Amino acid sequence: MVNIYTHPENHQRLEPDNTFRFQCHSGLACFNECCRQPTLILKPYDILRLRRRLGITSTAFLARYTVRIMEETSRLPLRLLALREEEPGGCPFLDAACGCTVYEDRPAACRLFPVIQGSSLTEGTVKAAYFLKKLDFCQGFAHGPQWTLEQWRADQGLLPYDELNHEWVAILLEQGARQPTPGASPGANIFELAISDLDAFRRFVLESAFASTHGIQGAVADVLRQNDETLLRLGYAYARLVLGLTDTPQFQAAVRSLASPPRDS
Ligand code: SF4
Ligand code: SF4
């Protein structure tokens with residue numbers, strides 16, 4: 001079994017039938033405290049939503065708001081949210097008076113909090129585990145309704161995030177299970193281009209020999225030109241191909257399936 005983002009700090013594990021009381025609002029003395037020093041790994045769909053919200057390219061977003069780090073097990077790059085350098089620091093999207101300025105497009109980890117998620121690969125299947133993280137200063141546990149995990153995830157709008165980030169977790173875990181040698185995994189830069197820097201990946205797909213090599217034309221090309229979520233799905237399929245986690249016929253089948261994708265945006 002391979003694990004990432006499992007949390008050894010003895011947080012209370014949440015089983016499906018467990019409940020917890022929680023409500024976060026601006027009237028609490030702790031309002032914004034949890035956004036002052038977040039350690040936030042941005043997942044591909046987080047980046048997609050945030051850069052669309054801000055109206056900047058993915059390339060500009062990555063340069064301005066993230067720091068590149070290497071995930072230890074898979075030797076694949078991750079993007080950590082860069083905190084504000086000027087005082088008082090904290091999340092760059094935090095406004096002291098108003099709170100989160102990107103609330104409708106906040107990352108998955110912000111939505112899920114005070115729950116945190118761990119993932120493991122067991123017999124080829126990604127398994128998620130959830131834990132309650134009770135920060136000392138967080139007053140949200142003293143108020144509000146009781147939630148099951150599923151109620152909380154639905155209330156916080158996590159379902160599209162989970163759907164579009166799941167493949168990212170799977171690739172990291174599968175690559176980690178192969179125990180890559182030290183140094184970046186071969187294909188690490190393409191992995192990052194294809195899932196994080198979607199504007200650059202779109203140009204690569206549509207304006208290079210990639211399109212003719214992989215039969216991307218007509219309706220598929222139109223969808224990829226317009227729909228970020230479909231482009232991300234192609235990015236996952238291509239990252240798998242480049243990393244050797246899938247073969248060419250499987251990749252081509254994935255490309256063909258893009259002609260009638262779920263429309264998310
Ligand atoms: S994105 Fe919003 S919710 Fe998340 S840490 Fe930043 S300010 Fe807080
Ligand atoms: S209640 Fe908890 S989650 Fe909400 S602002 Fe306070 S510390 Fe953050």
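A residue is called buried if 20 or more other C-beta atoms lie within 10 Å of its own, exposed if 12 or fewer, and partly exposed in between, with C-beta atoms placed from the backbone. The model is predicted: local features need pLDDT of at least 70, side-chain atom pairs count only at pLDDT 80 or more, and totals for chains, interfaces and linings use all residues. Residues are numbered from 1 along each chain as its sequence is written, while chains are lettered from A and ligands numbered from 1 in the order in which they are written.

Helix α10 covers residues 228-243. Helices (H or I, at least four residues) and strands (E, at least two) are DSSP runs, numbered from the N terminus. Of the 16 residues of α10, 14 are buried. The end C-alpha atoms of α10 are 22 Å apart, which agrees with the 22 Å expected at 1.5 Å a residue. That expected span is 1.5 Å times one less than the number of residues. G244, just after α10, has a positive phi of about 80°.

The protein chain is divided into domain 1 (2-173) and domain 2 (186-257). These bounds come from an automatic or database domain assignment. The contact between them takes 17 residues from each domain. Two residues are in contact if their C-beta atoms, placed from the backbone, lie within 7 Å. On the side of domain 1 that touches domain 2, α1 gives the most, with 5 residues. By class, this side has 10 nonpolar, 3 polar and 4 charged residues. Ala, Val, Leu, Ile, Met, Phe, Trp, Tyr, Cys and Pro count as nonpolar, Asp, Glu, Lys and Arg as charged, and the others, Gly among them, as polar.

The largest nonpolar core has 52 residues. Such a core is a set of buried Ala, Val, Leu, Ile, Met, Phe, Trp, Tyr and Cys residues joined through C-beta atoms within 7 Å. F191, I195, L232 and A239 have the most contacts inside this core. Helix α10 gives the most to the core, with 9 residues. Both domains give residues to the core, so it lies between them. I195 touches P44, W168, L232, G235, Y236 and A239, not counting residues up to four places away in sequence.

Two ligand shells were also examined. The shell around ligand 1 includes C35, C91, C100 and C110. It divides into 9 nonpolar, no polar and 1 charged residues. Among the residues around ligand 2 are C24, C30, C34 and C138. A residue is near a molecule if its C-beta atom, placed from the backbone, lies within 6 Å of it.
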